[in-house]
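Reader: Please give me a close look at the charged side chains and how they pair, with the cut-offs behind each term, and then place them in their surroundings.

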Amino acid sequence: MGKYQAEQKDFKEQKAKLDSIREEVSDLRTDSEKFVALVEEYGNITELSPEVLNMLIDRIVVHTPVPVDGVMHQQIDVYYRYVGSIRIVGYGSTTYYKHGAVTENTKKRESAKMDKRIAVAKEEISADVPKTA
């Protein structure tokens, strides 16, 4: 009898989990259908008006700029209504160049890398050359 009750309890837990998953999938499907309807309605726009922007986009998150090799990269995440953020390779970051100190630091860093490569190459060459007495 105990084994039967444990089995019945497991089945009830699995049913609750599956019902929860089914509800989530149903919500996602409904949201996707709503988004598709919006895209169909506003898909052929020629001008981005505040109305269209508010209908299609839930929010925009602008991250702090991060310097990468002297170039400032700034990630921008666009969260669309009903479907969230859509990740596309190369999308969501804006690159702009800074002058002065950043450009100068990039040149210094590249020069230091080149000096290091030259030093390593010189060491390899001197190690390969036989010494004469």
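Author: What follows starts with the fold, goes through the charged pairs, and ends with their surroundings.

The model is a predicted one, in which local features need pLDDT of at least 70 and side-chain atom pairs count only at pLDDT 80 or more, whereas totals for chains, interfaces and linings use all residues. Residues are numbered from 1 along each chain as its sequence is written, and side-chain values use heavy atoms, with hydrogens and water left out.

The protein has 3 helices and 5 strands, arranged along the sequence as α-α-β-β-β-β-β-α; here helices (H or I, at least four residues) and strands (E, at least two) are DSSP runs numbered from the N terminus. Of its 133 residues, 11% are buried, where buried means under 20% relative accessible area, exposed means over 50%, and partly exposed lies in between, with a 1.4 Å probe and protein chains only.

Side chains of opposite charge can pair when their charged atoms come close. Across the whole structure the search finds 5 salt bridges, each being a side-chain nitrogen of Lys or Arg within 4 Å of a carboxyl oxygen of Asp or Glu.

One of them joins glutamate 33 to arginine 29, with the closest N and O atoms 3.3 Å apart. These partners are separated by about one helical turn, because they stand 4 residues apart in helix α1. Glutamate 33 is partly exposed at 46% relative accessibility, while arginine 29, at 59%, is exposed.

In helix α3, which spans residues 101–128, lysine 113 and glutamate 110 are 3 residues apart, so about one helical turn lies between them. Their salt bridge has its closest N and O atoms 3.7 Å apart, and both ends are partly exposed, with lysine 113 at 35% relative accessible area and glutamate 110 at 38%. Elsewhere, Lys15, Asp19 and Arg22 are linked into one network by salt bridges that share partners.

Arginine 59 takes part in two of the features described here. Its salt bridge with aspartate 58 brings the closest N and O atoms to 3.4 Å, and its charged end also sits over the ring of tyrosine 79, 3.9 Å from the ring centre. A charge is said to sit over a ring if NZ of Lys or CZ of Arg is within 6 Å of the ring centre and within 35 degrees of the ring normal. Arginine 59 is partly exposed at 42%, as is aspartate 58 at 43%.

As for the surroundings, isoleucine 60 belongs to strand β1, residues 57–62, and is partly exposed with a relative accessible area of 46%. Leaving aside residues up to four places away in sequence, isoleucine 60 touches Ile76 and Asp77, a contact being heavy atoms within 4.5 Å. The C-alpha atoms of isoleucine 60 and isoleucine 76 are 7.0 Å apart, although the two residues lie 16 positions from each other along the chain.

Helix α1, residues 2–42, also holds leucine 18, which counts as exposed because its relative accessibility is 57%. Leu18, Ile21 and Val25 make up a nonpolar surface patch with about 300 Å² of accessible area together. Patches are made of residues with over 30% relative accessible area and no salt bridge, like charges being joined within 9 Å and nonpolar side chains (Val, Leu, Ile, Met, Phe, Trp, Tyr) within 5 Å, and accessible areas come from the Shrake-Rupley method with a 1.4 Å probe, only the protein chains shown counting as cover for residues.
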